[in-house]
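Here is a set of exercises to work through with the model open in your viewer. Try each task yourself before reading the solution below it.

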Amino acid sequence: MSPGSLTLALLSGELMADVVEYPLLHAEQVSIRFGGLQALDRVDFQVNDGEIVGLIGPNGAGKTTFFNCVSGFYAPDTGRVAYRGRDITDLRPDQRVHLGIGRTFQQVGLVRSFTVLENVMVAQHQKVQYDTGGGMFGSPQSWAEEHLVRDRAFEVLDYMGLLHLAHSRLDGLSYGTLKQVEVAAVLGTDPDVLMLDEPLAGLSPEEGEAFGDRILEMREELGLTVVVIEHHVPFVLRVCDYIYVLNFGQLLAEGEPHDIRGNLAVAEAYMGEGATALA
Amino acid sequence: MVHDDEATEAVEIGAGADGADDGRGLGAVGAGRDFLASLADRLREGDRSPWGIGTAVVGGVVVLWSIFAADIKIARWLIAGLESGAVYSLIALGIALVYKSTRVLNYAQGELGTVPAFLAYALMVSFRWSDQDVINHPPDASRLWWATIVAVVVGAGLAVVINTFLVQRLAQASPVTSLVATAGAALLFISAEVVIFEAKAREFPRYVSGDAFSIAGEPVRWNTVLILLVLAGAVVVLATFFRTRAGVALLATAQEPFAAELSGVSVRAMSTLAWAGGGALAAIGGLLATMVFGNLRPGLVTSQYLTFALVAAVLGGLTSMVGAVVGGLLLGLVTVYANLLITGLGWDVPGPPQIAMLTVALVVLLVRPRGLFGKEA
Amino acid sequence: MARTERADDAITEATQPAGVEPSADGRARHAIVLADPRERWRPSPIGVIARLAVIAFYILLVIAIPHLIPGTLVNVAARAAVFAIVAVSMNVLMGYAGQVSLGHQAFVGVGAFTSAYFLSEAGMPYPFALAASLATGAGAALVLGMVALRVRGLYLALITIAYGLFAKEVIFNIRSLTGGGAGLRAPRPGVFDSDIAYVYFCAAVLGLILVFDWRLTATKAGRAIEALRDDERVASSWGINVTAYKLLAFVISGSIAGLAGALFAGIEQVVSPIDFDFTLALTFVLMTVVGGLGNRWGVIQGGIFFAILPTLLEKGHSNWHFFPFTQLNAQWEPLIGALLLILTLVQFPGGIAQQQEHLLRWLRFQPFRADPVVDPALAGRKRKRGAGPSGQASGLAGPDVPGLADARPSERGTDG
C-alpha cells in the first residue's frame, strides 16, 4: 500500500483489499516444541478477508505461541504459514509487517522511552522512503517526509481518541490506555490484518465493551481483518465471526460463535478448570 | 561434584511459580538431571553432528602437527598451562559464584584480589611503604601467613561492601548496568592503589620457593604446586559447602529467588554470603597471581588476569562452579599452548595468549553460549 | 466508545471556563494541555532573543577558549574536543542502540594507527588518512556488530572487553603497521599545524558530527535504533529490520570513533599501543554514563570534563592553595571519575543531562518547564479507587510491564 493509504482509508471509510481466491491468512499443520513441551501440535488456522476471528483457550494453550509463529518470532518446527497464498514461513517479522501483518503483544509492546507520538512515528518505519544517509545528511526529501510522518501519527492518534496524549510519556499512562496506544502504533504500520493479544487486559468491563465496538468500527472504516486472543468469552462471542479454541497446543474446536457457545460444555469436559475460566 | 546436586529441590520449589503463558523459558525443566548423564548426552549430541567430528579431527591433527613442528615440550606446556590456568580458575570461581547468586558479572573481581594483596604487602612492611622505608625494611616474609588471613577476610569484606552499597542498590537495573557499576568499583580500587602506593611495581615475597620435583626433565616449582593445591582446596571447600544447609539455600536462591524467599530463605543474606565467598576467592587468587609475577603493582590482577578469568568463567558456563575450574584450566592450557606454538615456530605475532583468549571467547559464545557446563544461554 | 468519550469529555472540561462545569478532579483539569498538540510550541520574541544570546555566548566561548588559556594547555582543549567526539560515538552505541562497549579504545586506536600509518609510512594526503580512519573504525565495529547479532547483554560486554585487550596487545603491536612499542608519528594537516588551529579543526569536526548525530536521531534510522534498544521484538513487530539497524549503529559508532582516533593521534603527534589501555575504555564508559546516556549534550560535557580533569587537578594542585586542590593531584582523576560513575548509576541515572533537563529543553526552543500530560483515564481511575474498595486497580503498569514505571534514562535530544 502507498504511504497515504491510511489517510485514504480514513477519509473514504472503505479500504478492502483486492479480491483474491486465497484466504488472507492460512496456517497449515503448524507445530512447535520447546524442550519437553509440545506448545503447538498440528494447528490449522484460516482467516478470510474482513473477518474478525477469535482465538481462545486456557492459559498455556499456545495462543501467543501461535501468534509468534504467524508474525515470525518463532519458526515452527513443521507446517507452513501463508499470507494471501504466499508462503511466509521463512520471512522475518519485519518482512511480514511489510506485507501487512500487524500485531500487539500480551504485555504492552511499546517503546517505553518514547512519547506516545514518537511511538506512532517509529511504527511508520516501513512507510518512510528516504534512507539513512538521506536522513543523516538532511536531504530535502527527508525533511518533507518527516512532516508527513508526524502528521500521519497525529491522524492515527486522533482516530484512536488519543490526540490529547500525543506528547505524554508512557509512564504516566494507565494500562488500558497503553493498550490503546499500542493499537494506534500498530495502525501506524498500516496493516491489513491486525492481530491483538489480549486487548482487554487492564480494561474495565465498560471499556472492554467499548473496545469491542471499536474493533467492529475499525473493520468497517479501515477495512481491517482482525485476529484476537482474549479470555473474556462474552466479548469473543459478541465480536467474532469465527472462533478457534486451543488447548495444550491442539485445536479443540472451531466454528461460528453459536456453535462454540454450544460446545463450551464439551470444552469443559476436556479442559476442566480452564473452561471454567473461559465461561 | 559441586554442580550435579544442584537443587533438584530448587526446581521443585520453582515448579509452582510458572506464570508465563508461553515462551522458551522452559529450559529449567531438565535442570535436575545429573552431571554425568548430561555429559553423556552432550557427547552423543556431538556424535551426531558431522561438524563436531570434523572439527575434533582437524583440531587434533593440527595440535599433533604443531607439537612436533614447534617442538613443544608437553611437560612444560602442562606445567605452565595448569599454573596460569589455576589462577584463572580461582578468579573465575569467584565470578561464577557471584554470578550464580546475584546475576552480576563482577568486573571488580580482579581488584578484589589486588587490594588484599596490597594490604598484605602493607602489613609485611609494617605500613611503611615509601621508597626509603622499603629499602631499610624489606617486606617481612615471616608475616606473610597471617597477612594472608587478614587479606582474605578483607577481600570478603570489600566484596560484601560492593554488594551492599552498589549491586543491591542497582537490583532493578539491567545486568549490563551492574557490570558497568562494578567496573567503576574496579577503577576506584585501582586509582586508590595508585594514590596510596604509586604506580610502580613492588617486590612481593613468595610463600614457598625452589623446585619441588621434575617431570620429564621439566622442573616444577613449589609455587606451582602450591597454586594447584590451593585450587584443589577451594574446590573441596566449595563442594562441601554446597552440601550444607546454607549451601543448598544458596543454590535454591540462585535458581528461584522468589520461591526461596517464600520458603524462609533470606535472599539478601544469601547474596551477601555469595559475595563474601567471591571476595575471599578473589583475594586468594590475587595473592597467588602476585606470586606468579613476584611483584605487585596497581591494577595487576585486572590487567593481567581478569579478562582471561571472565572468558574462563564463560567457557565453563558462568553459573557452574565445575565449569569455572575446568574452564580456567583449559584456558590456561590453550593460552600457554598458543604462546609456545608461536615462539616455537619463530613467528613474529604479538600477544599469542590474547589471540587464543579472544578466539576461545568468540567460539564459545557463538557456538555454545551456555558454555561447557552451563544450563542457560 | 466510552473510552474516547471520556477522553473527549476531559478535553471539553478543561477547555471550558472554570465556572461552567466544575471538574470533580482538579488534577485532571490542570494537567490537560489546552493547545492543540499538533502545533509546535513557539517561544515569545524575547524568548527567542534570550535563547539566541545564550547560544551565541557558548559559540563565542568555544572560539575564545584556545586564546584565553596558557599556550601549554591548548592541547588539552583539543583533547577535550576529541573526547567529546568519542562520547558521541559511545552514545550512538550505548545510548541509542543500548549495546554496551567496554572496548571502545580499540576503535579509537584503530583509527589513530590507520591515520598515522597512512600519513607517516605511506605519505598519503591528510583527507585520505582521515577517510581511511573512518573506514577502518567502521570495519572494526562492523566485525564486533556481527558478533553482537548473536551475543547479547553481558556476553557482548565480555566480548568487547576481550576485543579491547586483543586490540591493544595484538593489533597495535604488529610492528610493520604500528611501529610496535615505539609507536608511529602522526603529523597534523598542514593548514592546522599550530596548536590553536588544531583545536579549531577538532572543534569543527565535533560540530559536524553533532549535526549528523542530530539528524540521525530526528529521522527514521535513529528512531529505529532507539526502538530496538528498548525492545527488539516490538521494533521488529513494527517492521524494523533489527539486524540491519543494530549493525548500522555499530558502523556509525565505529566510524565516529575511528575519526576521533585520527584526531587523537594528531594531539601529541605520536601514537603508541600503551595509549589504549583498558583504563581508557573505562574512562570512555564513565564519561558517557556520567554525561547522561542518550543525550548528546550531556555526553559531550562528560567527555570534555574527563578530558580536562587530569590537567585541572594537576594545575590546581600546583597553583591553587586551597581545598580541595591541596589534597588532590592528577592521580586522583580515575578515583573521582569512578565515584562520579557510581553516584550517577545509584542516584542520578540520567547523568549531567538530567540535571540540566530544563536548561537543555529551553535551549532547544522549547518551554523551560514542560507540563506533564496526565492520562484522564488514570485520573478517573484514581477517583474511582478513592470512592470505594470496588474501584479498579491502579492503571500504572503493574508487574506485567517491567520497568515501565522506571525513570526515563534521560531526556532524549530528538528535536535538537
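**Exercise 1. A ring pair in chain C**

Is Phe284(C) buried or exposed, going by its relative accessibility? Once you have that, work out what its ring pairs with and which parts of the chain the pair ties together.

*Solution.* A word of warning to begin with: this is a predicted model.

Step 1. Check the accessibility. Phe284(C) comes out at 1% relative accessibility, so it counts as buried; the cut-off is under 20%.

Step 2. Find the ring partner. Phe284(C) forms an aromatic pair with Phe83(C), with the ring centres 5.6 Å apart and 75° between the planes. Planes over 60 degrees apart count as edge-to-face, and that is how this pair is classed.

Step 3. Check the partner too. Phe83(C) is buried as well, with a relative accessible area of 1%.

Step 4. Place both residues in the chain. Phe83(C) sits in helix α4 (residues 74–96) of chain C and Phe284(C) in helix α13 (residues 278–291) of chain C, so the pair ties together parts 201 residues apart in sequence.

Step 5. Put the pair in context. Over all chains, the structure has 28 aromatic pairs.

**Exercise 2. Build the sheet in chain A**

Work out the strand order of the four-stranded open sheet in chain A, then follow the pairing across it.

*Solution.* Step 1. Write down the order: β2-β1-β4-β5, with antiparallel pairing. The edge strands are β2 (37–47) and β5 (86–87) of chain A, each pairing on one side only.

Step 2. Start with β1 and β2. Strand β1 (residues 25–34) of chain A runs antiparallel to β2(A), and seven bridges join them. Ala27(A) has Phe45(A) as its bridge partner in β2(A), while Phe34(A) is matched with Leu37(A).

Step 3. Look at how those strands connect. β1(A) and β2(A) make a hairpin with two residues between them, and Gly35(A) in the turn has a positive phi of about 55°.

Step 4. Cross to the other side of β1. Here β1(A) pairs with strand β4 (residues 78–83) of chain A, again in the antiparallel sense, over five bridges. Ala27(A) stands opposite Val81(A) in β4(A), and Ser31(A) has Thr78(A) as its bridge partner there. That gives Ala27(A) a partner in β2(A) and another in β4(A).

Step 5. Finish at β5. Two bridges join β4(A) to β5(A), which run antiparallel, and Ala82(A) stands opposite Asp87(A) in β5(A). These strands also form a hairpin with two residues between them; in the turn, Arg84(A) has a positive phi of about 50°.

**Exercise 3. From the sheet to the rings**

Which residues form one aromatic cluster with Phe45(A)? Then find two arginines that lie over ring faces.

*Solution.* Step 1. Phe45(A) shares its cluster with Phe66(A), Tyr242(A) and Tyr244(A). You've met Phe45(A) already, as the bridge partner of Ala27(A) in β2(A).

Step 2. Still in chain A, Arg214(A) lies over the face of Tyr159(A), 5.1 Å from the ring centre.

Step 3. Over in chain C, Arg215(C) lies over the face of Trp214(C), at 4.8 Å from the ring centre.

**Exercise 4. Leu188 of chain B**

Which residues does Leu188(B) touch, leaving aside those up to four places away in sequence?

*Solution.* Step 1. Locate the residue: Leu188(B) is in helix α8 (residues 175–197) of chain B.

Step 2. List its contacts, which are Leu335(C), Ala338(C), Leu339(C) and Ile342(C).

Step 3. Now turn to its own chain. The C-alpha atoms of Leu188(B) and Glu111(B) are separated by 9.3 Å, with their positions 77 residues apart along the chain.

**Exercise 5. How far to trust chains B and C**

Where does pLDDT stay under 50 in chain B, and where in chain C?

*Solution.* Step 1. Take chain B. Its mean pLDDT is 82, and 85% of its residues reach 70 or more. The stretch under 50 is residues 1–34 of chain B. Among its helices and strands, confidence is lowest in helix α1 (residues 8–15) of chain B, at a mean of 32, and highest in helix α13 (residues 300–316) of chain B, at 93.

Step 2. Take chain C. The average is 80, and 81% of residues score at least 70. Here pLDDT stays under 50 over residues 1–33 of chain C and is also below 50 over residues 380–416 of chain C.

Step 3. Draw the conclusion. Where pLDDT is low, don't read the predicted coordinates in detail.

Technical notes: Residues are numbered from 1 along each chain as its sequence is written. Chains are lettered from A and ligands numbered from 1 in the order in which they are written. This is a predicted model: local features need pLDDT of at least 70, side-chain atom pairs count only at pLDDT 80 or more; totals for chains, interfaces and linings use all residues. Side-chain values use heavy atoms; hydrogens and water are left out. pLDDT is the predictor's confidence in each residue, from 0 to 100. Contact means heavy atoms within 4.5 Å. Two strands pair if DSSP finds at least two bridges between them. Rings of Phe, Tyr and Trp (its six-membered ring) pair if their centres lie within 6.5 Å; planes under 30 degrees apart count as stacked, over 60 as edge-to-face and the rest as tilted. Buried means under 20% relative accessible area, exposed over 50%, partly exposed in between (1.4 Å probe, protein chains only). A charge sits over a ring if NZ of Lys or CZ of Arg is within 6 Å of the ring centre and within 35 degrees of the ring normal.
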